[in-house]
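Reader: I would like to see how the words used for a protein structure are tied to numbers. Please show me one and explain the labels.

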Amino acid sequence: MKNSKLLAVSMATLLTLTLTGCSSTSKGKDNNGTTSVKEIKGEDLNKIEKDDKEKEKYLVIDVRDAKSYKEGHIKHAINIPVEEIDKSIEELRTWREKSVVVYSDDTKKTKEAAEKLVKQGFKDVSNAQNIKDFNYDLVKYTSLTGAKFQDKILAKEDAVFLDARDKKDFDEKHVDGAKNVDSKKLDNLQDILPENKETPIYTYCYSGNRSSVIAQKLIDLGYKNIFNALDGTKEYDYKFEMADCCKEGNKEGHENHDHSNHNNSEQKHEGHSH
């Protein structure tokens, strides 16, 4: 009888611990109810970034310096150096309740960045395996959040914009001067590109997937300053300054029209907010 009671008590204790452990892991909370930083293996993060649908559930932040980021980073990762995390919170505010993954080449630096995010109220933060300890698939084009990409649209700098959406959506509205490119037909892409390989080129589409294919092609062609919109038009309400020739009611000759001069327009955009 004594052995039976001891066994029952032991099983009850084990069940309680198991349920407690499951609850803590699933919600990212410690025993005090505060948000805790989780860990994610390099292999798992690599799989997420390769999956066009799964990657949309995560924001991956490379917290190294800009130079290291540009030399090669995880696909779809944005760059916010650890010392700039606190002043970048406004840019990241929509991710407070979603999954955020941080990584770097230094475990201490990654941990510091994750703790800063938790302190700022982010609910689901994970440290990814050190970039020096796992052979991630790396890219060299820069990924920009919707807010940062919007700023570039309005900047009117001497740059090229490539729109990878379907033609019907491109015809409806697009960045002034943008060229419509099919991500599955890139053999002649070089024909519409500038000779200067240092020219900034910005790519965008619906969700950042098609445009990332074009961004990688541009890198392969030797272009140095390539920027892809991580947030596509279905995720961010971009304010396009569509050229007058392309607006509703004035589409005659649109298909054969050269949009390349519209980036030099002096039109002003009002009411922009992130």
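Author: The questions below take up the labels one at a time. This is a predicted model, in which local features need pLDDT of at least 70, side-chain atom pairs count only at pLDDT 80 or more, and totals for chains, interfaces and linings use all residues. Residues are numbered from 1 along each chain as its sequence is written, and side-chain values use heavy atoms, with hydrogens and water left out.

Reader: How many helices and strands does the chain have?

Author: The chain has eight helices and twelve strands. Both are DSSP runs, numbered from the N terminus: a helix is H or I with at least four residues, a strand is E with at least two.

Reader: What makes five of the strands an open sheet?

Author: Their order is β8-β12-β11-β9-β10, with parallel pairing. β8 (142–144) and β10 (179–180) are at the edges and have a single partner strand each, so one side of each lacks a neighbour in the sheet.

Reader: How do you know that β9 and β10 pair?

Author: Two strands pair if DSSP finds at least two bridges between them. Strand β9 (residues 160–163) and β10 have two bridges, in the parallel sense, so the definition is met. In this pairing D163 stands opposite N180 of β10.

Reader: Which residues of β8 and β11 have N228 of β12 as bridge partner?

Author: For β8 this is S143, and T203 also has N228 as its bridge partner in β12. β8 and β12 pair over three bridges, and β11 and β12 also pair over three.

Reader: What makes β12 covered on both faces?

Author: I226 and N228 on one side, and F227 and A229 on the other, are all buried. Buried means under 20% relative accessible area, exposed means over 50%, and partly exposed lies in between (1.4 Å probe, protein chains only). Buried residues make up 43% of the 274 residues in the chain.

Reader: Why is D62 called buried?

Author: D62 has a relative accessible area of 0%, and the label needs a value under 20%, so D62 is buried. D62 is in strand β2 (residues 58–62). Leaving aside neighbours within four places in sequence, D62 is in contact (heavy atoms within 4.5 Å) with residues including Y69, H73, I80 and Y103.

Reader: What is the largest nonpolar core, and which of its residues touch the most other members?

Author: A nonpolar core is a set of buried Ala, Val, Leu, Ile, Met, Phe, Trp, Tyr and Cys residues joined through side-chain atoms within 4.5 Å. The largest one has 18 residues, and L59, I61, L92, V100, L117 and F122 touch the most other members. Two or more residues each come from β2, α4 (89–92), β5 (99–103) and α5 (107–119). The largest share, three residues, is that of α5.

Reader: Why is the pair F134 and Y136 called edge-to-face?

Author: Rings of Phe, Tyr and Trp (its six-membered ring) pair if their centres lie within 6.5 Å; planes under 30 degrees apart count as stacked, over 60 as edge-to-face and the rest as tilted. Here the centres are 4.8 Å apart and the planes are at 70 degrees, so the pair is edge-to-face. F134, at 23% relative accessibility, is partly exposed, whereas Y136, at 5%, is buried.

Reader: What makes the pair F161 and Y202 stacked?

Author: The planes are 20 degrees apart, with 5.0 Å from centre to centre. An angle under 30 degrees counts as stacked, so the label fits. F161 lies in strand β9 and Y202 in strand β11, so the pair ties together parts 41 residues apart in sequence.

Reader: How do you know that the charged end of K98 sits over the ring of W95?

Author: A charge sits over a ring if NZ of Lys or CZ of Arg is within 6 Å of the ring centre and within 35 degrees of the ring normal. The charged end of K98 is 5.2 Å from the centre of the W95 ring and sits over that ring. K197 likewise sits over the ring of Y223, with its charged end 5.1 Å from the centre.

Reader: What is the phi of H76, and where is this residue?

Author: H76 has a positive phi of about 75 degrees although it is not a glycine. Most residues other than glycine have a negative phi. H76 is in the loop between β3 (73–74) and β4 (78–79), and at 3% relative accessibility H76 counts as buried.
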